[in-house]
Amino acid sequence: MIPEKENKAKAKSESLGAFALFDIEHFLHRVLRNWYWFVLMALLGYTISLIYSKYYAQRIYASNLSLSISNNTASYFTPNQSINFIWGQTGNQDGVYLKKMLLSRSHNEYLVQQLDLFINYSTKGLIKRTYLDKYDSPVFLEVDKSHLQQVDYPITLIPRGKSRYEVVLPEEAPSSTLYSYKAENFQRVPAFPRPANRIIGINEWYVSPGLKFKLVPNPQETQIKLDNIILTLSTVNNTVNNIVSTISVEFDKEINSIMLISKRGYNLNGTVNFLNTSVNELQKKRLIDQNTVDKNTQDYLFQNLAEIRKKLDSSAAVLNQLKVSEGLYDIEDRDEKTIKNIKDLQLKKADLLTKLNSLNSIRTSLSSQNLDRMISPSAAGVEDGVFSASVSELKALYEKRRELALIYTPNSEPMREINRLINEARGSSTGSLRNYYNVYAVEIAKIDREIAAESAGMASYPEKERRYLDAERGYNMIESTYNILLTKQNETQMRVATNKSDITVIDPAKNLGQGPIAPNVQRTQYTIIGGLVLLPLLFLGIAEVLDSRVRNLKDLLVATRIPLLGVIGKNSHENNLTVLEQPRSSISEAFRGVRANLRFLHKEDKQSKVILLTSSVGGEGKTYISINIASVLGLSGKKTILLGMDLRKPKIFGDFKIDNKYGISNYLTGEVEIERIINTTKIPNLHVATSGPIPPNPSELLMSERNREFIEELKNHYDFIVIDSPPVGLVADPFELMNYADASIYVVRHEYTEKYMLKMITEKYHSQEVKNLGLIYNAFEAKQGYGYGYGYGYGYGYGYFDEDKNYQQPLLIRIRDRIRTFFKQK
């Protein structure tokens, strides 16, 4: 065989008896049948989301503030800088500096310490805890910072009337590790018991080993009546980190000089108060720093002007002495262009030398630990926001080190850490200054070379004239420096006289009733409802994948490719004699259809026909099908005998009310003659031979020569022999009996037969081991809106069968018919 054909044949063989892993059609109908679970889960999800949003979800609010920097006054370290710059660009970074200031630890730590932001206010109802703004509470907590305090330890205040409150602490024992707000560190103390609850009044100190505080009244009358107030202390470090993480600073996209600041928090009033307070404190600090720097610059310029004035007077005296002694008031035929060039170069050099002197003063201030003596960096031409930020940070670190030095030894870990931070900040600031030093040194060297080149042309002048020109150049150099310093002094004096904060608030933060920005309650609601609705869908999907029972006739025929003889509906009769006792039922008509289809499995001739029925396992209706096929054959006038050859599990005798004392097992063992085991029924042409008592060797009896002779003998007396054989999935007997049969019927029960059980019979049929085989699909129950697309079986509601008298159309069908009737009448 050609390999390609072999592969195709192999693939075709492997697909036989293989069902689809997932039956989408059955799954959808299963979903529709379980619609109430989806409704229940949706209602449950809605209820849970409602409870979550009302009692558990903590709303997060945000307030905004916008500000700009005015250009009518100097900023802290860049006094000559105009506001008309692009934020964040190199060389002009005041916007970046302000952002760093707002997000800096020093600024926010100052706010935390001054405003006691390390105290958190909240209240709790039956379920939900609500965060409060400080000014929502009728009383404030004032902590004794010199006393060690228990942090992350909720203190509950319960109003007891007349401005008195009961202090209730948690039941668990307090920690022996307490926090110092002065040193900002933890200290261990001996263990102590939980303090008892106490009632205290306003301005009365509460003292325990782990707490010391008093309650002060809120100067503003609160609108909220609280049943309890929960106060929790946090460390300064944690508070600062939490605050910085909730602040956002951006720049306006249209006007880059405007800064937009936002603050997130659990309480809207709290975010509003913090933003306004933060910017207000920043304005004050900027104004103080500006005045300090400008005053230092003014003093610095005054001292330098005095020194330059002395040099200028000395230089003027030398020049006048030359004029008198040498009689030179001017030099004839001198090169005015060269002299002018030299004068301009000397003016540039004087400006650079002035900046270098200012750089030396700034560097000296950085090296010392007193930055309050620093002059304005603009005097040295330094206009760098990063440098300004690093100096501000260095100043805060110096102050911090002075505080820590009062508590710790020089070699302690906190001191080593603060020194490391100072070295980093100092290195960052001196690195910026070093860049300016290098730039100025290169420019001065370049100017010196240009002056030397210009001066080379004056070498031909007489010596006394050259001495006069040198004295004049020296005087001009000092005069230029003096004029530069004088100009800067006038500018500084003007700033000192008109100084005000360069930060202007455009829109302060306000409580305008803004809704929460998080959580997204609607999205959370959809997520909870959707997740719960998906649960039954998931379970149904898993059940569908794990479901190995035959539920779809179309899949059955595709997988087995065995001819279908008929579809038998679910039997609701009290016994198996449906054809005999309910001849006008749809099920009886289905058996007549099977009788008509049987002729396609055997030849039409005068010989007797042997029909064998089997199935995969017990309970699939094999005996029921056998009885009713034999009945329709007998009722058609054909002389028929029904053989109960399932010797292990006799059944037929009960339905026909026949004594099973003697049966086929007795005949095959030679105990009785054939006439003794054949019984008559209500149908004249239908006889029955029951199984008889259960023998010890049923397989040997069925495969014996006597059994073959028994069937051959019956062929001489009957037109049809219907054999009710054992299930092939349990024993091998039916395959032996199939050798005697002219047609074999395999019974598959709807929603009962396992799919894998059909693999064996399918392979034997397609390998020609079993011939003339047909399927009967048993116990099929037609459900509204669920069909298989086949014409087997019969519907209801047409007045044709006995079942129609009790039939009522489904509600949806009735509604559809009424709508159609309504439109037809119109």
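**Charges over rings.** I began with lysine 263, whose charged end sits over the ring of phenylalanine 274, 5.4 Å from the ring centre. I keep in mind throughout that this is a predicted model. I then looked up lysine 639, which lies over the face of tyrosine 718 at 5.4 Å from the centre of the ring.

**Overall make-up.** I noted 24 helices and 23 strands in the protein, and I found that 47% of its 826 residues count as buried. Turning to contacts with a separation of 6 or more, I read that residues 24 or more positions apart account for 79% of them.

**Lysine 622.** I placed lysine 622 in helix H16, which covers residues 622-635. Is this lysine buried or exposed? Its relative accessible area is 6%, and since buried means under 20%, lysine 622 is buried. I followed its side chain to that of aspartate 724, with which it makes a polar contact at 2.8 Å. Leaving aside neighbours within four places in sequence, I listed the residues in contact with lysine 622, among them Leu613, Thr614, Ser615, Asp646 and Val747, as well as Asp724 and the residues Ser725, Pro726 and Pro727.

**Aromatic pairs.** I looked up the aromatic pairs, and the count comes to 12. For phenylalanine 591 and tyrosine 624, the ring centres are 5.8 Å apart and the planes stand at 75°, so I entered the pair as edge-to-face, the class for planes over 60 degrees apart. Phenylalanine 591 belongs to helix H15 (residues 586-597) and tyrosine 624 to helix H16, so this pair ties together parts that are 33 residues apart in sequence. I checked the burial of the two residues as well, and both phenylalanine 591 and tyrosine 624 are buried.

I next took tyrosine 777 and phenylalanine 780, whose aromatic pair is tilted, with 6.3 Å from centre to centre and 40° between the planes. Tyrosine 777 counts as buried at 1% relative accessibility, and phenylalanine 780 is buried with a relative accessible area of 16%. I also recorded a cluster in which ring pairs link Phe118, Tyr179, Tyr181 and Phe186.

**Two helical stretches.** In helix H21 (residues 705-715) I found the buried residues to be Asn707, Phe710, Ile711 and Leu714. Seen down the axis of H21, these buried residues fall within an arc of 95°, so they line one face of the helix. I then consulted the UniProt record, an unreviewed entry, which places the feature "transmembrane region" at residues 35-57. In the model I read that this span is 96% helix and 0% strand, and that the C-alpha atoms at its ends lie 31 Å apart.

**Backbone exceptions.** Most residues other than glycine have a negative phi, and most peptide bonds are trans. Against that background I noted the cis peptide bond that joins alanine 518 and proline 519, with omega at about -5°; proline 519 has its place in the loop between strand S15 (503-507) and helix H12 (521-546).

I then looked up serine 163, a residue other than glycine with a positive phi near 60°, and found it in the loop between strand S5 (155-159) and strand S6 (164-168). Serine 163 counts as partly exposed at 47% relative accessibility. Lysine 657, likewise not a glycine, has a positive phi of about 55° and lies in the loop between helix H17 (652-656) and helix H18 (664-668). With a relative accessible area of 78%, I entered lysine 657 as exposed.

Note on methods:
Residues numbered from 1 in each chain as written. Predicted model: local features only at pLDDT ≥ 70, side-chain atom pairs only at ≥ 80, totals over all residues. Heavy atoms only, no water. Buried < 20%, exposed > 50% of the residue type's maximum accessible area, 1.4 Å probe, protein only. Helix = DSSP H or I, 4+ residues; strand = E, 2+ residues; numbered from the N terminus. Arc of directions from axis to C-beta. UniProt positions renumbered as here; feature names shortened; annotations may be inferred. Polar contact = N/O pair within 3.5 Å; in protein donor to acceptor, adjacent residues only side chain to side chain. Contact = heavy atoms within 4.5 Å. Phe/Tyr/Trp six-rings, centres within 6.5 Å; stacked < 30°, edge-to-face > 60°. Lys NZ or Arg CZ within 6 Å of the ring centre and 35° of its normal.
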